Amino acid sequence: MVLASANPKKVAELREILGARIDLIPRPPEVPDVVEDADTFVGNARLKASALLVATGLASMADDSGLEVDALGGAPGVLSARYAGTGATDEDNVHKLLEALADWPNPADRRARFRCLIVLQRPDGSEVIADGTADGFIAPAPRGPGGFGYDPVFVPDQGDGRTFGEMTQAEKHAISHRGQALASFVAQLPSP
Ligand code: IMP
C-alpha cells in the first residue's frame with residue numbers, strides 16, 4: 001500500500017498502527033503534490049488516492065482532515081490548513097479563528113468538530129472509506145505546547161477539559177478523529 005504522504009512521521013505512525021501485515025510505503029518523491037480543491041474531506045482524500053494509484057499502480061491510501069465550527073457555518077473545513085491565507089502558520093490560523101469567535105464567548109456557542117477521512121483505492125477499482133470525528137468546543141485562548149494546528153484551542157468532549165494541545169500524543173489519539181478513522185479503516189481491511 002502506498003501512502004499519499006511523504007511525511008516520515010506520518011508514515012512511521014501509520015506503520016505502527018497498521019502492523020506488520022501491511023507493507024506501507026511513503027509516496028515516491030517523483031509523484032507530485034495534488035491540488036486539493038474538492039469541497040469535501042472525502043473529495044480531497046479521493047483526489048490524493050487516485051493520483052497516487054495512477055502514478056504507481058499500487059493500492060493507494062490518502063487522508064484529509066480539518067476543523068468544522070458550527071458558529072462559522074462549518075468553516076474553516078477543507079480550508080483548515082490555509083484559513084488565514086496561503087502560507088499561513090498554525091498560529092495565524094488559530095488567531096483568525098479566535099477573532100472570528102470573539103462575539104461568542106460561551107462554550108455552548110463555540111461547538112466544533114475535527115474530522116478525518118481516509119480513502120484506500122485499489123488497482124481493481126475497489127475503495128475503502130473510513131470516517132472519524134472528534135466533537136468538542138473552541139477554548140477562549142490557546143493552552144498547551146503539544147500537537148499541531150488547532151490542537152491548543154480544541155477541547156474534546158471525550159476528555160477532561162484539557163485541550164488536545166495539553167494531552168500526550170497517546171491520549172489524543174485514543175479519542176481523536178484520526179485515531180477513530182484509522183480504527184474504522186483497519187476494521188474494514190480483510191483479516192490476515
Ligand atoms: P491535513 O489533513 O493534514 O492536510 O490537515 C489539514 C489541517 O487541518 C491541518 O493543517 C490543521 O490545521 C487541521 N487539523 C487536522 N487535524 C488536526 C489535528 O489533529 N489537530 C489540529 N489541527 C488539525
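**Aromatic pairs**

Start with the rings: this predicted model holds three aromatic pairs. Select Phe 114 and Phe 154 and display their side chains. The ring centres lie 4.6 Å apart and the planes meet at 55°, so this pair counts as tilted. The two residues come from distant parts of the chain, with Phe 114 in strand S3, Phe 154 in strand S5, and their positions 40 residues apart in the numbering.

**The sheet**

Now switch to a cartoon view and colour the strands. You should find five of them in an open sheet, ordered S1-S2-S3-S4-S5, with mixed pairing. Which strands stand at the edges? They are S1 (2–3) and S5 (154–156); each has a single partner strand, so one side of each is left without a neighbour in the sheet.

Begin at the S1 edge. Select residues 60–69, which make up strand S2; S1 and S2 run parallel and are joined by two bridges. To see one of these partners, pick Val 2 and look across to Ser 60 in S2.

Next, select 111–121 for S3 and 127–138 for S4. These two strands run antiparallel, with eleven bridges joining them. Ala 112 is a handy marker here, since its bridge partner in S4 is Gly 136. Follow the chain from S3 into S4 and you trace a hairpin with five residues between the strands. Stop at Gly 125 in that turn and check its backbone: phi is positive, at about 90°.

Carry on to the S5 edge. S4 and S5 are antiparallel too, paired over three bridges. Label Phe 137 and you will find Val 155 of S5 standing opposite.

**A helix across the strands**

Add residues 41–56 to the view. This is helix H2, which lies across S1, S2, S3 and S4. Compare directions with S2: the helix runs at about 160° to that strand.

**The largest pocket**

Time for a surface. The largest pocket has a volume of about 1300 Å³. To centre the camera, select Lys 10, Asp 63, Ser 65, Phe 148 and Arg 178, the residues nearest its centre among the 46 that line it. Which elements each supply at least two residues of this lining? Colour helix H1 (8–18), H2, S2, helix H3 (90–100), S3, helix H4 (169–175) and helix H5 (177–188) to see them. The largest share, six residues, comes from S2. If you colour the lining by class, expect 19 nonpolar, 13 polar and 14 charged residues.

**The second largest pocket**

Move the camera to Asp 90, Glu 91, Val 94, Gly 149 and Pro 152. These lie nearest the centre of the second largest pocket, which has 13 lining residues. The space inside is about 180 Å³. By class, its lining splits into six nonpolar, five polar and two charged residues.

**A cis peptide bond**

For a last stop, zoom in on Ala 75 and Pro 76. What kind of peptide bond joins them? It is cis, with omega at about 0°. Pro 76 sits in the loop between S2 and H3, so you can find this spot by following the chain onward from S2 towards that helix.

Notes:
Residues numbered from 1 in each chain as written. Predicted model: local features only at pLDDT ≥ 70, side-chain atom pairs only at ≥ 80, totals over all residues. Heavy atoms only, no water. Pairing = 2+ DSSP bridges. Helix = DSSP H or I, 4+ residues; strand = E, 2+ residues; numbered from the N terminus. Contact = heavy atoms within 4.5 Å. Axes fitted to C-alpha atoms, helices over the stretch in contact; angles between N-to-C directions. 1 Å grid on protein atoms, 1.4 Å probe; cavity = no way out; pocket = protein on both sides within 12 Å on 5 of 7 lines; lining within 4 Å. Points joined across faces, edges and corners; volume = space filled by probe spheres on them. Nonpolar A, V, L, I, M, F, W, Y, C, P; charged D, E, K, R; others polar. Phe/Tyr/Trp six-rings, centres within 6.5 Å; stacked < 30°, edge-to-face > 60°.
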